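Thanks, everyone. I have one chain to show this morning. Let me put it up, and then I'll walk through it.

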Amino acid sequence: MSNNRSGAFLGGLLLGATIGTIAGILMAPRAGRETRQFLKKSADALPELAEDLSTSVQLQADRLSETAIKNWDSTLGRLKEAIAAGLEATQREQELLDEAEADLSVNASPATHDNLL
């Protein structure tokens, strides 16, 4: 619902800005012929402007994508290192537990061994 409200607000804002711009151009202190020529030139320039904007957005998206990939690679490398370190620590602990259990079974008498289990 929040996204719907913000979308409606932004749509209304853009519509209001467009209407205000058009009204300002039409009410400007120029002759009608000059205003129409200005509007025609502006309309003719819109496709080029849109293409430039599209190219700019694409370049920015590519840069963001490259940055995201680099960050992901870095994060993945650190994660692999952390997992390897965790596995090594687990193996060391398991070896220590196995050694301690072996020492207990060797040093313990049968009666003591039964009490431990």
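Along the sequence, the pattern reads α-α-α. That makes 3 helices and 0 strands in the chain. Keep in mind that this is a predicted model.

So how far does the confidence go? The mean pLDDT of the chain is 80. Of its residues, 87% reach 70 or more. Helix H2, residues 32–107, has the highest confidence, with a mean of 86. Helix H3, residues 110–116, has the lowest, at 53. Please read that C-terminal helix, H3, with its mean of 53 in mind.

Next, burial. What share of the 117 residues counts as buried? The figure is 2%. The exposed area of the chain comes to about 10400 Å². Carbon and sulfur atoms account for 62% of that area.

Now the surface, starting with the nonpolar side. Which residues form the nonpolar patch? They are Ile22, Leu26, Met27, Phe38 and Leu39. Together they offer about 520 Å² of accessible area. Two helices contribute here: H1, residues 2–26, and H2 each supply at least two residues of the patch. Take Phe38 as one member of the patch. Phe38 sits in helix H2. Is Phe38 buried or partly exposed? Partly exposed, because its relative accessibility is 36%, and the buried class stops under 20%.

On to charge. There is a negative patch on the surface, too. Its members are Glu95, Asp98, Glu99, Glu101 and Asp103. Glu95 lies in helix H2. Its relative accessibility is 49%, so Glu95 counts as partly exposed. The exposed class needs over 50%.

Last item: salt bridges. How many does the structure hold? Just 1. The partners are Lys40 and Asp44. Their closest N and O atoms are 3.2 Å apart. Why do these two line up along the helix? Lys40 and Asp44 are 4 residues apart in helix H2, so about one helical turn separates them. Lys40 itself counts as exposed, because its relative accessibility is 54%.

To recap. The chain is α-α-α, with 2% of its residues buried. The surface carries a nonpolar patch that draws on H1 and H2, and a patch of negative charge that includes Glu95. The salt bridge joins Lys40 to Asp44. And confidence is lowest in H3.

Key:
Residues are numbered from 1 along each chain as its sequence is written. This is a predicted model: local features need pLDDT of at least 70, side-chain atom pairs count only at pLDDT 80 or more; totals for chains, interfaces and linings use all residues. Side-chain values use heavy atoms; hydrogens and water are left out. Buried means under 20% relative accessible area, exposed over 50%, partly exposed in between (1.4 Å probe, protein chains only). Accessible areas come from the Shrake-Rupley method with a 1.4 Å probe; for residues, only the protein chains shown count as cover. pLDDT is the predictor's confidence in each residue, from 0 to 100. Patches are made of residues with over 30% relative accessible area and no salt bridge: like charges are joined within 9 Å, nonpolar side chains (Val, Leu, Ile, Met, Phe, Trp, Tyr) within 5 Å. A salt bridge is a side-chain nitrogen of Lys or Arg within 4 Å of a carboxyl oxygen of Asp or Glu. Lys and Arg count as positive and Asp and Glu as negative; His and the chain ends are not counted. The place of a charge is taken as NZ of Lys, CZ of Arg, CG of Asp or CD of Glu.
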